[in-house]
Amino acid sequence: MLRRGLIAALGLVFIMTSIPSLKAEGPVDIAPTGALRVAVAVGPAASAFWTTRDPSTGKPRGVTVELARAAADKLHVPL
C-alpha cells in the first residue's frame with residue numbers, strides 16, 4: 001500500500017512540474033504586488049503551525065513567520 005501511495009505521489013509531482021503554466025518564473029509570479037503576503041494563524045502556544053504575538057511589540061513570531069521572512073529575503077522583496 002505504501003508503495004502505491006509513493007508511486008502516486010511521485011506521479012503527481014511529475015505531472016505538476018511538467019505543466020508550464022504552474023511553474024513560477026520569478027518574484028513577479030509569486031509576489032505580483034511587489035511584496036510577499038503571507039497569512040499566519042495566531043494560537044495560544046507557538047508550534048510549527050501556530051504563531052504567537054510578542055507581548056512587547058504585538059508582532060507575530062514563530063516558525064511560520066521565520067519561513068516567510070526567509071522566502072521574502074530569497075525573492076528580494078519586502079514581507
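This is a short selection-by-selection tour of a predicted model.

**Whole chain.** Start with the protein chain in cartoon view. Its secondary structure comes to 3 helices and 3 strands, and read along the sequence these follow the pattern α-α-β-β-β-α. Switch to a surface representation next. The accessible surface comes to about 6500 Å², and 67% of that area belongs to carbon and sulfur atoms. Of the 79 residues, 14% count as buried. For a contact map, take the contacts with a separation of 6 or more: residues 24 or more positions apart account for 30% of them.

**Strand β2.** Select residues 50–53, which form strand β2, and pick out threonine 52 within the strand. Is threonine 52 buried or exposed? Threonine 52 counts as buried because its relative accessibility is 15%, and the cut-off for buried is under 20%. Now display what surrounds the residue. Leaving aside neighbours within four places in sequence, threonine 52 is in contact with Val42, Gly43, Pro44, Ala45 and Ala46, and also with Lys59, Pro60 and Arg61.

**Helix α3.** Move on to residues 63–75, helix α3, and show the side chains of glutamate 66 and arginine 69. Which interaction joins arginine 69 and glutamate 66? Their side chains meet in a salt bridge, with an N to O distance of 2.7 Å. The structure holds 1 salt bridge. The two residues are 3 residues apart in helix α3, so about one helical turn separates them. Side chains of opposite charge can pair when their charged atoms come close. Colour both by accessibility to finish: arginine 69 is partly exposed at 37%, and glutamate 66 is partly exposed at 45%.

Technical notes
Residues are numbered from 1 along each chain as its sequence is written. This is a predicted model: local features need pLDDT of at least 70, side-chain atom pairs count only at pLDDT 80 or more; totals for chains, interfaces and linings use all residues. Side-chain values use heavy atoms; hydrogens and water are left out. A salt bridge is a side-chain nitrogen of Lys or Arg within 4 Å of a carboxyl oxygen of Asp or Glu. Helices (H or I, at least four residues) and strands (E, at least two) are DSSP runs, numbered from the N terminus. Buried means under 20% relative accessible area, exposed over 50%, partly exposed in between (1.4 Å probe, protein chains only). Contact means heavy atoms within 4.5 Å. Accessible areas come from the Shrake-Rupley method with a 1.4 Å probe; for residues, only the protein chains shown count as cover.
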